Amino acid sequence: MKLVNKVVTVVTAIAAIAMLASCGSTSGASDSSSAGASAAPAGPAPESPSEPPKYTFEGSELKIELENMYNEEFLIFADAKASGGYAGKLVSEESIATAIVTFPAGDYVGLVMEDAPDGNHDAFNVFINDTAYRTFPSDPPIGTYELTTRTPMNLHFDAETTVTVKIQQNDPNRPNKPGETGMKLDYIVFKKK
Ligand SMILES: [Ca+2]
């Protein structure tokens with residue numbers, strides 16, 4: 001009987017240790033994730049570069065952070081959920097974000113990582129030179145960052161081509177299809193098809 005009690009005690013002790021260990025590892029995981037978040041850039045939001053930054057597409061994809069694009073009237077803010085620790089909120093029809101990208105000949109798809117508050121604050125335009133791509137996320141938006149896979153920009157270049165990529169609310173040529181405001185944009189990504 002005493003031996004059984006001892007075994008039960010030992011088993012209980014092992015269970016307690018296992019529980020502590022699992023608690024420890026859980027809090028360890030959350031510690032490391034919060035450490036990851038705090039490792040994101042802290043302090044004031046990055047200022048817009050003085051002119052559109054230039055990128056060259058290499059490898060299988062090119063990711064351009066919204067906060068690193070030349071931007072006006074975008075509210076750049078720290079966001080632990082966003083790539084690079086920052087995103088930009090499109091606040092008005094004056095909001096623009098631009099970059100210059102050189103693509104080798106080939107086929108590409110372009111997507112934006114977007115967090116839209118609701119279906120009335122989610123649509124905007126991406127211009128590749130003069131061609132506008134009306135862009136929006138799920139309908140209704142899922143409530144956090146998602147790629148705009150419903151509205152992929154399909155690009156084809158016969159030869160190496162340098163284009164201006166410009167994000168803004170409206171396409172002046174489609175006044176009946178206005179863009180909206182209030183959504184957070186994290187980055188734009190181009191992938192080789
Ligand atoms: Ca970002």
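# Close-up views of a predicted model

**Figure 1. Surroundings of glycine 119 in the predicted model.** Not counting residues up to four places away in sequence, glycine 119 touches Asp139, Pro140 and Pro141. Glycine 119 itself belongs to the loop between S7 and S8. How many C-beta neighbours inside 10 Å does glycine 119 have? The number is 14, and glycine 119 therefore counts as partly exposed. A further distance can be drawn in this view: the C-alpha atoms of glycine 119 and proline 137 are 8.8 Å apart in space, while the two residues are 18 residues apart in sequence.

**Figure 2. The cis peptide bond between aspartate 139 and proline 140.** Omega for the bond that leads from aspartate 139 to proline 140 is near -5°. Proline 140 is part of the loop between strand S9 (131-135) and strand S10 (146-147). Both partners of this cis bond, Asp139 and Pro140, are among the residues that glycine 119 touches.

**Figure 3. Glutamate 73 in the loop between S3 and S4.** Although glutamate 73 is not a glycine, its phi is positive, at about 60°. Which residues does glutamate 73 touch, not counting those up to four places away in sequence? They are Val91, Ser92, Glu94, Ser95 and Ile96. One of them, serine 92, lies 19 residues from glutamate 73 along the chain, and the C-alpha atoms of the two are separated by 7.0 Å. Glutamate 73 has 16 other C-beta atoms within 10 Å and is therefore partly exposed.

**Figure 4. Asparagine 129 in the loop between S8 and S9.** Asparagine 129 is not a glycine, yet its phi is positive, at about 50°. Is asparagine 129 buried or exposed? Asparagine 129 is exposed, because 11 other C-beta atoms lie within 10 Å, and a residue with 12 or fewer is classed as exposed.

**Figure 5. Strand S6 and its pairing partners.** Strand S6 covers residues 96-103. Three bridges connect S6 with strand S1 (residues 54-56), and these two strands run parallel. Within that pairing, tyrosine 55 has valine 101 of S6 as its bridge partner. Strand S3 (residues 70-72) also forms three bridges with S6, but in the antiparallel sense; here asparagine 71 is bridged to alanine 97 of S6. With S12, strand S6 pairs over eight bridges, again in the antiparallel sense. Isoleucine 96 has glutamine 168 of S12 as its bridge partner.

**Figure 6. The two faces of strand S6.** Which residues of S6 make up its covered face? They are Ala97, Ala99, Val101 and Phe103. The uncovered face consists of Ile96, Thr98, Ile100 and Thr102. Ile96 of the uncovered face is also one of the residues touched by glutamate 73.

**Figure 7. The largest nonpolar core, with 30 residues.** Leu66, Val112, Val126 and Leu185 have the most contacts inside this core. Several strands give two or more residues to it: S4 (74-78), S5 (86-90), S6 (96-103), S7 (106-115), S8 (124-128), S12 (161-168) and S13 (184-192). Leucine 185 touches Leu66, Ala87, Gly88, Leu90, Val112, Glu114 and Ile167, when residues up to four places away in sequence are not counted. Leu66 and Val112 thus appear in this view both among the residues with the most contacts in the core and as residues touched by leucine 185.

**Figure 8. The whole chain, and the confidence of the model.** The protein contains one helix and 13 strands. From the N terminus on, the helix comes before the strands. Of its 193 residues, 27% count as buried. Among contacts with a separation of 6 or more, 66% link residues 24 or more positions apart. The average pLDDT of the protein is 86, and 78% of the residues score at least 70. Over residues 7-38, however, the pLDDT is below 50, and this stretch has one contact in the model beyond near neighbours in sequence. Where pLDDT is low, predicted coordinates should not be read in detail.

How values were computed: Residues numbered from 1 in each chain as written. Predicted model: local features only at pLDDT ≥ 70, side-chain atom pairs only at ≥ 80, totals over all residues. Core = buried A, V, L, I, M, F, W, Y, C linked by C-beta atoms within 7 Å. Buried ≥ 20, exposed ≤ 12 C-beta atoms within 10 Å, placed from the backbone. Helix = DSSP H or I, 4+ residues; strand = E, 2+ residues; numbered from the N terminus. Contact = placed C-beta atoms within 7 Å. Pairing = 2+ DSSP bridges. pLDDT = per-residue confidence, 0-100.
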